[in-house]
Amino acid sequence: MEKLCNFNHEFIIVHLLLFASLLSFTNPTPSPTQDEQSQIISRFQEYLRINTSQPSPDYKKSTQFILTLAESLSLETQVIEFVQGKPLVILKWPGSDLSLPSILLNSHTDVVPSESSKWDYHPFGAHIDENGNIFARGSQDMKCVGMQYMEAVRRLKASGFQPKRSLYLSFVPDEEIGGHDGLEKLAQSDVFKNMNVDIILDEGLASPNENYRLFYGERTPWWLVIKATGAPGHGAKLYDNSAMENLFKSIESIRRFRASQFDLVKAGLKGEGEVISVNMAFLKAGTPSPTLMQNPWRNG
Ligand SMILES: *[C@@H]1O[C@H](CO)[C@@H](O)[C@H](O)[C@H]1NC(C)=O
Ligand SMILES: [Zn+2]
């Protein structure tokens, strides 16, 4: 158990034996030596330093990095581009009983954008401070998880462990923009069917302590686009039935629904995964013009 990084909300603890129980792993492996620990951290830093920021992630570099690691672990590798320039890297550790369904450990390679001027350290510098915290975009979401899988495989292999079930690791693109050209295409493919997957571990919450919480559930995104129309008018005049007023009616009813769902969570009656979350992601309104109050909001 090593503390690795801590940047605002991005902090993780690497748990090397994350899925040991899934693999019915019984031989405890010895703790990594100081030297092994620093190699684990170096590999993690190397991954973090690849700028896989949306909207133009460097997937060439991340693919190369993952393939190099996979080779060092003697894993079978496959790179699939369902959409050109959006590679999925799939690694396989074949099980001893091929009739059994497999385990899939998924992580995405892309990260959300960052503004380096607002960071204490460069978002792709993977700087380590004196407390051992690593600062980087993706340190939590979710390059840490991909590397935990890799390091767990490394330790299990080193201990002589042989899984009964085949184990797959998938590194997928574009999760941060919906995953349509990544995991979604994989899930619909024969490649996936042939993998005969029984259980998948995917993204969760990083843990700042020794406890690794497991979450399960299924959530479906639904993008609702509301277009409000109304009477046009000069910005210096008051008039009824403006587009903005009409939009407010929708926003207000959604806001009430949101509050009612959130109240259930706040009251401890429902878990976060048991309610419907609604968030306004984007608001575009008005026509910029020199007249008054025409364009009160952008990107709200
Ligand atoms: C990451 O790469 C993108 C696209 O090449 C670039 O626009 C962005 O500035 C880079 N981010 C940082 C923090 O270097
Ligand atoms: Zn994520």
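**Entry 1: starting at His108**

I opened the model at His108 and found that the backbone oxygen of Asp110 lies 2.9 Å from a polar atom of the His108 side chain. A note to self before going on: this is a predicted model. I then looked for a side-chain partner, and the side chain of Glu175 makes a polar contact with that of His108 at 3.2 Å.

Where does His108 lie? I placed it in strand S5, which covers residues 102-108. Is His108 buried or exposed? Its relative accessible area is 1%, and because the cut-off for buried is under 20%, I filed His108 as buried.

I also listed the neighbours of His108, skipping those within four places in sequence. His108 is in contact with Tyr47, Asp141, Met142, Val172, Glu175, Glu176 and Glu203.

**Entry 2: the zinc ion**

Which residues coordinate the zinc ion (ligand 2)? I found His108 through NE2, Asp141 through OD, and Glu203 through OE, entered twice, at 1.8 to 2.3 Å. Both Asp141 and Glu203 were already in my contact list for His108.

Next I checked the angles. Among the four donor atoms of the zinc ion (ligand 2) they run from 59 to 138°. For reference, four tetrahedral donors would ideally sit at 109.5 degrees. A tetrahedral label needs all angles between 85 and 135 degrees, so the site of the zinc ion (ligand 2) goes down as irregular.

In sequence, the donor residues of the zinc ion (ligand 2) follow the spacing H-x32-D-x61-E. The pair His108 and Glu203 links distant parts of the chain, with their positions 95 residues apart: His108 is in strand S5, and Glu203 is in the loop between strand S9 (197-201) and helix H6 (243-266). I looked up the exposure of Glu203 too: it is partly exposed, at 33% relative accessible area.

**Entry 3: backbone oddities**

I went through the backbone with a reminder in mind: most peptide bonds are trans, and most residues other than glycine have a negative phi.

Two cis bonds went into my notes. One joins Asp141 and Met142, with omega near -15°. Asp141 is one of the residues that coordinate the zinc ion (ligand 2), and Met142 sits in the loop between strand S7 (134-135) and helix H3 (143-158). The other joins Gln54 and Pro55, with omega about 10°; Pro55 is in the loop between helix H1 (34-48) and helix H2 (59-72).

I noted positive phi values as well. Ala126, not a glycine, has a phi of about 55°. Its place is the loop between S5 and strand S6 (127-128), and it counts as buried at 0% relative accessibility. Asn241 has a positive phi of about 65°. Asn241 lies in the loop between S9 and H6, and at 45% relative accessibility it is partly exposed.

**Entry 4: the whole chain**

Stepping back, I counted six helices and nine strands. Of the 300 residues, 36% count as buried. The accessible surface comes to about 18,200 Å², with 52% of it belonging to carbon and sulfur atoms. Among contacts with a separation of 6 or more, 71% come from residues 24 or more positions apart.

**Entry 5: how far to trust it**

The chain averages a pLDDT of 86, and 86% of the residues score at least 70. I flagged residues 1-22, where pLDDT stays under 50; the model has 79 contacts beyond four places in sequence for them. Residues 292-296 also stay under 50, with 11 such contacts.

How values were computed
Residues are numbered from 1 along each chain as its sequence is written. Chains are lettered from A and ligands numbered from 1 in the order in which they are written. This is a predicted model: local features need pLDDT of at least 70, side-chain atom pairs count only at pLDDT 80 or more; totals for chains, interfaces and linings use all residues. Side-chain values use heavy atoms; hydrogens and water are left out. Helices (H or I, at least four residues) and strands (E, at least two) are DSSP runs, numbered from the N terminus. Buried means under 20% relative accessible area, exposed over 50%, partly exposed in between (1.4 Å probe, protein chains only). Contact means heavy atoms within 4.5 Å. Accessible areas come from the Shrake-Rupley method with a 1.4 Å probe; for residues, only the protein chains shown count as cover. A polar contact is a pair of N or O atoms within 3.5 Å; within protein, one must be able to donate a hydrogen and the other to accept it, and residues adjacent in sequence count only if both atoms are side-chain atoms. Donors are N, O and S atoms within 2.8 Å of the metal (3.2 Å for Na, K and Ca); water is not among the atoms, so sites may look incomplete. Four donors count as tetrahedral if all angles lie between 85 and 135 degrees; four count as square planar and six as octahedral if opposite donors are over 155 degrees apart and all others between 65 and 115; anything else is irregular. pLDDT is the predictor's confidence in each residue, from 0 to 100.
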